[in-house]
Every structure is written in structure tokens, then in C-alpha cells.
Amino acid sequence: MQKNLPPCAARCGAAQLELFPQPAAAFPAVAEPAEPTVFDWDAHDFVVVGDSGGKDSGALVHEVCTQADQAGQLHKVRVLHCDLGRTKKGHLVEWPGALEVARAHAKQYGVPFAVRRSRRWASLWDRIRSHGDWPGFFARYCTSDIKTVTGRDFADETGGAMRLGRPYRAGYAMGMRAEESKARANKPVIERHRMSGKGTKRLVTTWLPIHGLTTEQVWEVHRENGIEHHEAYDQGMRRLSCRACPLASTGDLVRSAQLNPELFEEYAEAETEMGKKFKKSISLREIIEIARS
Ligand code: SF4
């Protein structure tokens, strides 16, 4: 596994690309022009920037806002943080402070910041317990049910408030990078999706503004522009978002267990109650044992 992959950049992003899926039956294939590589600000009413509080999000907000400012369109940018809620014992699912870092990103560039939570699930913890098993590579219900739908709802909320009298046209910017995986490298930087057929209320363009940046370049953007980053990186974490992610590497999970012992104990109790191993390769109990050794 490559270094410095935030879980949600590496995996959630794939689900987020499906934020506004295009039903095949509603939109038969037509010849598409060559993929655009430059975002067309004039063709969009607003742009939502998904910010988890991670390092890729910091570089993402910088890139979007810099381009928007140069185009005289900074007023169209909205930064959105999806709140993942708390566990039953009250522990934040995310890293404490991630929301504040995301807020600082928006504040630095003078754009509106919003926090939204799933309307259906009070937290990712509730969703996991309801599901009865942990998320996995082939069961990323965590992102689709908690983040993806929340992002779509926020776009609908923003577009609806504009009372345009027509379907809104939104950009949805995400921090995926080509360096992260082969599949990610093949993603178009700009891709348009229409949500549904007749009566659709949205026209959305997914946009990957930092697709070409390396991890080192992401950190360079932070250093050169004084962008805030989460302290977990300074404590040895390579990833952010959920503190206990079944898709994270064992090394990151062990480090997170050292930094978040109470949270991991609660997750380990849930692992026992559900009778489902956290990762195929290792249980939470084993992760905690390594963390303590
Ligand atoms: S568990 Fe959290 S960090 Fe991991 S893939 Fe799901 S939403 Fe992302």
C-alpha cells in the first residue's frame, strides 16, 4: 500500500465519484467530446469542495479557491465537511479537530463553510452497528450512506436556495490524486453527470483539481501557503478521517490505537458483540495488543 493515503481519499473518493450517478437507461450513450481539463466556472452556479480536514483537502481548497479567485468566481465556492458523528460512548468517529482544520481551510480563503451530517444516520457508528459488520473494500456502505448522500443533499440544499427556476449546475471538487492508485490515475479530471431524466433538479460536474499532485507536492502547497494541517500527521499518522478504518493499513491502525485507546477499546467491544473481525488480516484485539507492546 502506498504511503500517505487518507482512507477517504483512497477509497471513499471512488464512492464519491458516484455521488451523482447517471442511470444508463435514462441517458443512452452518446458521443462525448474530448474531456475538458479546465473547469468552466461560467457554466456552474456553485462548487462544493469536500473537506475531511486531511492534507489533500487542504491542497484541494487552496487549488479550487486560487482558480476561482483568478476567474473572479470565488463567491461560488462552498466548503463542506461531513460530520461522521459519535460512538455510543460518545467518542468522535473522526479525529478530534478534523472539523476545525476543515473550517480553517475555508476561513483562510474567505469562503463559506458548512458541516452536515447524514439525515438518516446519527453517526457512522450507528450505521456500522445497524449493518452488523464492518465496512470493507467490497462493502463501502460507510462512504455511500454517510458521506455521499450527505454531499448530494448539501448540493440540493445549496441549489434549491438559489431558486434558479431551472436545474442547478454544480461542481463537486474532490481531493483524489493519480499517484494513489492505477484506477485513480485513470479517472478524468473533469466528468459531468446528470442525476436523472426528465424533471432532474441538478446537473453536476465532478472535478479532481489536485489529481496531478504527488504527496510531496501536497505538503509543499501547505508549506508555501501556510495551510493548516491536522496534528495527527505530526504524531505519525499518514491518514485522517475515521480514527478506526478497516481499510487503513495495520501500521496506521496500530498508531491510531496508541493515540486513541478508549475509542479502540469500544470498537473492540463491538467487534466481539458483532462477531465480525475488523479486518480479514487482523482483529481489533490484535491491533490493540500490538499498540500496547
Ligand atoms: S471507515 Fe471511515 S475512513 Fe474508512 S472508508 Fe469508511 S468512511 Fe472512509
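# Reading a predicted chain, from helix H10 to the strands

Analyst: The buried residues of H10 are covered by elements that include helix H9 (250-259) and helix H11 (284-292). Please keep in mind throughout that this is a predicted model.

User: Which residues of H10 are buried, and how do they lie around the helix axis?

Analyst: The general idea comes first. An α-helix has 3.6 residues a turn, so residues three or four places apart point the same way. In this structure, the buried residues of H10 are Leu 263, Phe 264 and Tyr 267. Viewed down the axis of H10, they fall within an arc of 95 degrees, so they line one face of the helix. The face turned away from this buried side carries Glu 262, Thr 272 and Glu 273, which are exposed.

User: How does the length of H10 compare with what should be expected?

Analyst: One multiplies a rise of 1.5 Å a residue along the helix. H10 has 14 residues (residues 261-274), which should span 20 Å, and its end C-alpha atoms are indeed 20 Å apart, in agreement. After H10 comes Gly 275, whose phi is positive, near 70 degrees.

User: Which residue other than glycine has a positive phi here?

Analyst: Most residues other than glycine have a negative phi. Arg 163 is a case with a positive value, near 45 degrees. Arg 163 belongs to the loop between helix H5 (141-161) and E4. Arg 163 is exposed, because there are 7 other C-beta atoms within 10 Å, and the cut-off for exposed is 12 or fewer.

User: How should one read a strand such as E1, and is E1 buried or exposed?

Analyst: In a regular strand the side chains alternate between the two faces of the sheet. In strand E1 (residues 46-50), 5 of the 5 residues are buried, so the strand is largely enclosed by the rest of the structure. Both faces of E1 are covered: one side has Phe 46, Val 48 and Gly 50, and the other has Val 47 and Val 49.

User: Which strands pair with E1, and in what sense?

Analyst: E1 is joined to strand E4 (residues 168-173) by 4 bridges, and the two run parallel. Within this pairing, Gly 171 of E4 is the bridge partner of Val 47. E1 also pairs with strand E2 (residues 77-82), again in the parallel sense, over 4 bridges. There, Gly 50 stands opposite Leu 80 in E2.

User: What unit do E1, helix H2 and E2 make?

Analyst: E1, helix H2 (residues 55-70) and E2 form a right-handed β-α-β unit. The pairing then continues: E2 and strand E3 (residues 113-116) are parallel partners over 4 bridges, with Leu 80 opposite Ala 114 in E3. From E2 the chain crosses through H3 to E3, and this β-α-β crossover is right-handed.

User: How do residues of helix H3 differ in burial?

Analyst: Counting C-beta neighbours inside 10 Å answers this, since a residue with 20 or more is buried and one with 12 or fewer is exposed. Ala 102, which is found in helix H3, is buried because 30 other C-beta atoms lie within 10 Å. Arg 103, also placed in helix H3 (residues 98-109), has 18 such neighbours and therefore counts as partly exposed.

User: What does Ala 102 touch beyond its sequence neighbours?

Analyst: Leaving out residues up to four places away in sequence, Ala 102 touches Asp 51, Ser 52, Gly 53, Ser 57, Val 79 and His 81. Distances across the chain can be read in a similar way. The C-alpha atoms of Ala 102 and His 230 are separated by 9.2 Å, although their positions lie 128 residues apart along the chain as a separation in sequence. Arg 103 and Ser 52 are 51 residues apart in sequence and 9.8 Å apart, C-alpha to C-alpha.

User: Which residues have the most contacts inside the largest nonpolar core?

Analyst: That core has 65 residues, and those with the most contacts inside it are Val 48, Val 49, Val 64 and Ala 173. For Val 48, contacts beyond four places in sequence include Arg 78, Leu 80, Phe 154 and Ala 173.

User: How much of the chain is buried, and how many helices and strands are there?

Analyst: Buried residues make up 42% of the 293 residues, and the chain has 11 helices and 6 strands. Among contacts between residues at least 6 apart in sequence, 76% join residues at least 24 apart.

Terms used:
Residues numbered from 1 in each chain as written. Predicted model: local features only at pLDDT ≥ 70, side-chain atom pairs only at ≥ 80, totals over all residues. Contact = placed C-beta atoms within 7 Å. Core = buried A, V, L, I, M, F, W, Y, C linked by C-beta atoms within 7 Å. Expected span 1.5 Å × (residues − 1). Arc of directions from axis to C-beta. Pairing = 2+ DSSP bridges. Right-handed = clockwise from strand over helix to strand, strands pointing away.
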